[in-house]
Amino acid sequence: MNIILLGPPGAGKGTQARILVDERDMVQLSTGDMLRAARTSGTAMGKKVADVMDRGELVTDEIVIGLIREQLEDTSHAGGFIFDGFPRTLAQADALGALLADMGHKLDCVIEMQVDDDALVARITARSTCGNCGEVYNDATKPWPADGKCSNCGGTDQTRRADDNEESLKTRLLAYYKQTSPLIGYYYAKGDLKSVDGLGSMEAVAAAIKGALG
Ligand code: AMP
């Protein structure tokens, strides 16, 4: 099964993708994670995208489509792919359809995660992750453990994303509404869209996604 998790920044796509990876042996393909890894390792492409990402704007279609193409070619299909944060433009959506078709695969479902904008701002400004394993924390609802160690892996590197601040978030939300939200209509018209309420607890949203996937 190949699925897309579609939603604004802070909708919980990464958190839900991790649950699907654990439960269904699927492979998470997050273009945001790939771009952050390129920055950390200091590649030419990583340097090129750093400022754009920090401002909260989208990097070029060419770069992210290239990253996804590489991953699709190099990764065993396992229980299927979860596209997290990709596609974000109509050109990326068309390219994904073509890449999957070339490999003899298809897209099975697009899950739109609906969350209101005030909740997104609150979530993102409270968000941190484990720098070692990627476990996601929230200062209010799931605080970083008092002993300073990640509850998942025991790592001690609590990190906050450079673009998780109110200024970049405004730009990221605008990019979502201007460039990414048209994909809701695109996938609806293709008959692939299922919408879930992304506002509930992590477990409630996971259950709603399970229901939508059947
Ligand atoms: P994310 O981790 O998905 O929130 O992505 C973080 C940042 O990486 C975004 O604000 C963009 O600058 C960039 N990015 C990630 N995925 C894409 C994509 N599919 N298209 C363009 N830019 C992306």
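## Helix packing

Helix H6 (residues 117–125) and helix H7 (residues 166–180) have axes that come within 11 Å and cross at roughly 135°. This is a predicted model. Angles over 145 degrees would count as roughly antiparallel. H6 and H7 are therefore oblique to each other. The crossing of H6 past H7 is right-handed.

A second pair is formed by helix H4 (residues 61–74) and helix H5 (residues 90–102). Their axes come within 10 Å and cross at roughly 20°. Angles under 35 degrees count as roughly parallel, so H4 and H5 are described as roughly parallel to each other. H4 also passes H5 in a right-handed crossing. Two packed helices are described by the angle between their axes and the distance between the axes.

## The ligand site

The shell around the ligand holds 16 residues. Thr31, Arg36, Glu57, Gly85 and Gln92 come nearest. By class, the shell has 6 nonpolar, 4 polar and 6 charged residues. Helix H2 (residues 31–40) supplies the largest share, 4 residues.

Three polar contacts can be described here, with Thr31, Arg36 and Glu57. A polar side-chain atom of Thr31 sits 2.8 Å from a ligand nitrogen atom. Arg36 places a polar side-chain atom 2.9 Å from an oxygen atom of the ligand. Glu57 uses its backbone: one of its polar backbone atoms is 2.5 Å from an oxygen atom of the ligand. On its own, the ligand has 480 Å² of accessible area, and the protein covers 97% of that area.

## Backbone exceptions

Most residues other than glycine have a negative phi, and most peptide bonds are trans. Two places in this model depart from those patterns, one at Asp25 and one at Pro87.

Which peptide bond is cis? The bond from Phe86 to Pro87 is cis, with omega near 0°. Pro87 belongs to the loop between strand E3 (81–84) and H5. H5 is also the helix that runs roughly parallel to H4.

Where does Asp25 lie? Asp25 is in the loop between helix H1 (13–24) and strand E2 (27–30). Its phi is near 60°, a positive value in a residue other than glycine.

Note on methods: Residues are numbered from 1 along each chain as its sequence is written. This is a predicted model: local features need pLDDT of at least 70, side-chain atom pairs count only at pLDDT 80 or more; totals for chains, interfaces and linings use all residues. Side-chain values use heavy atoms; hydrogens and water are left out. A residue is near a molecule or strand if one of its heavy atoms lies within 4 Å of it. A polar contact is a pair of N or O atoms within 3.5 Å; within protein, one must be able to donate a hydrogen and the other to accept it, and residues adjacent in sequence count only if both atoms are side-chain atoms. Accessible areas come from the Shrake-Rupley method with a 1.4 Å probe; for residues, only the protein chains shown count as cover. Helices (H or I, at least four residues) and strands (E, at least two) are DSSP runs, numbered from the N terminus. Ala, Val, Leu, Ile, Met, Phe, Trp, Tyr, Cys and Pro count as nonpolar, Asp, Glu, Lys and Arg as charged, and the others, Gly among them, as polar. Axes are lines fitted to C-alpha atoms, for helices over the stretch in contact, and angles run from 0 to 180 degrees between N-to-C directions. Angles under 35 degrees count as roughly parallel, over 145 as roughly antiparallel, 65 to 115 as roughly perpendicular and the rest as oblique. A crossing is left-handed if the near helix is turned anticlockwise from the far one by less than a right angle, and right-handed if clockwise.
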